[in-house]
Amino acid sequence: MKENDVILRTVTRVVVFIILTFGVELFLSGHHNPGGGFVGGLVLSSALVLLYVVFDIETVHQGVPFDFRKIAAFGAMVSLLSGTAAAVLGRPFLSQGFGYFDLPIFGLTELATVTIFEAGVALTVIGTVVTIILSISKDV
């Protein structure tokens with residue numbers, strides 16, 4: 001790729017924002033509609049992979065200074081603990097609960113514990129996909 005590819009870099013900045021927004025929407029709609037942690041995590045990781053393709057690895061690491069292996073491990077731990085919390089409370093493993101709460105700005109809103117599990121899945125997927133892509137890029 002050329003060093004001075006201004007159009008590609010400018011379009012990528014806009015497209016990454018759109019992909020991230022769509023990934024968050026997929027993640028949040030997952031327990032009522034198709035989507036969730038896995039699909040949302042794949043879409044969110046595709047935005048990061050696009051950044052790595054267009055910009056060099058060092059530039060992206062300056063803006064996103066995370067160790068994605070640790071993110072994957074943390075996500076797996078969050079998913080496991082969300083299931084274990086139900087077992088500690090005397091319910092079957094991975095039992096989920098929900099409730100309706102009157103939040104100041106949003107009004108009557110449903111909050112579900114499945115969102116915690118899905119967040120762990122999303123973090124695991126993001127960490128795994130980006131780690132695999134970075135490992136492959138070191139071999140090239």
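The following paragraphs describe the nonpolar core and the helix packing of a predicted model. Residues are numbered from 1 along each chain as its sequence is written, and side-chain values use heavy atoms, without hydrogens or water. Local features need pLDDT of at least 70 and side-chain atom pairs pLDDT 80 or more, whereas totals for chains, interfaces and linings use all residues.

The largest nonpolar core (buried Ala, Val, Leu, Ile, Met, Phe, Trp, Tyr and Cys residues joined through side-chain atoms within 4.5 Å) has 18 residues, of which Leu48, Leu51, Tyr52, Val60, Phe68, Ile126 and Val130 touch the most other members. Helices α1 (6–28), α2 (37–54), α4 (68–88) and α5 (114–139) each supply at least two residues of this core; helices are DSSP runs of H or I with at least four residues, numbered from the N terminus. The most, seven residues, comes from α2.

Ser45 lies in α2 and is buried (under 20% relative accessible area, 1.4 Å probe, protein chains only), at 2%. Not counting residues up to four places away in sequence, Ser45 is in contact (heavy atoms within 4.5 Å) with Ile126, Val129 and Val130. With the same exclusion, Val130 touches Ser45, Leu48, Tyr52 and Phe68.

The axes of α4 and α5, lines fitted to C-alpha atoms over the stretch in contact, with angles from 0 to 180 degrees between N-to-C directions, come within 7 Å and cross at roughly 155 degrees. The two helices α4 and α5 are therefore roughly antiparallel, a term for angles over 145 degrees. By class, their contact has 13 nonpolar, eight polar and one charged residues, with Ala, Val, Leu, Ile, Met, Phe, Trp, Tyr, Cys and Pro counted as nonpolar, Asp, Glu, Lys and Arg as charged, and the others as polar.

How values were computed
Buried < 20%, exposed > 50% of the residue type's maximum accessible area, 1.4 Å probe, protein only. Parallel < 35°, antiparallel > 145°, perpendicular 65-115°, else oblique.
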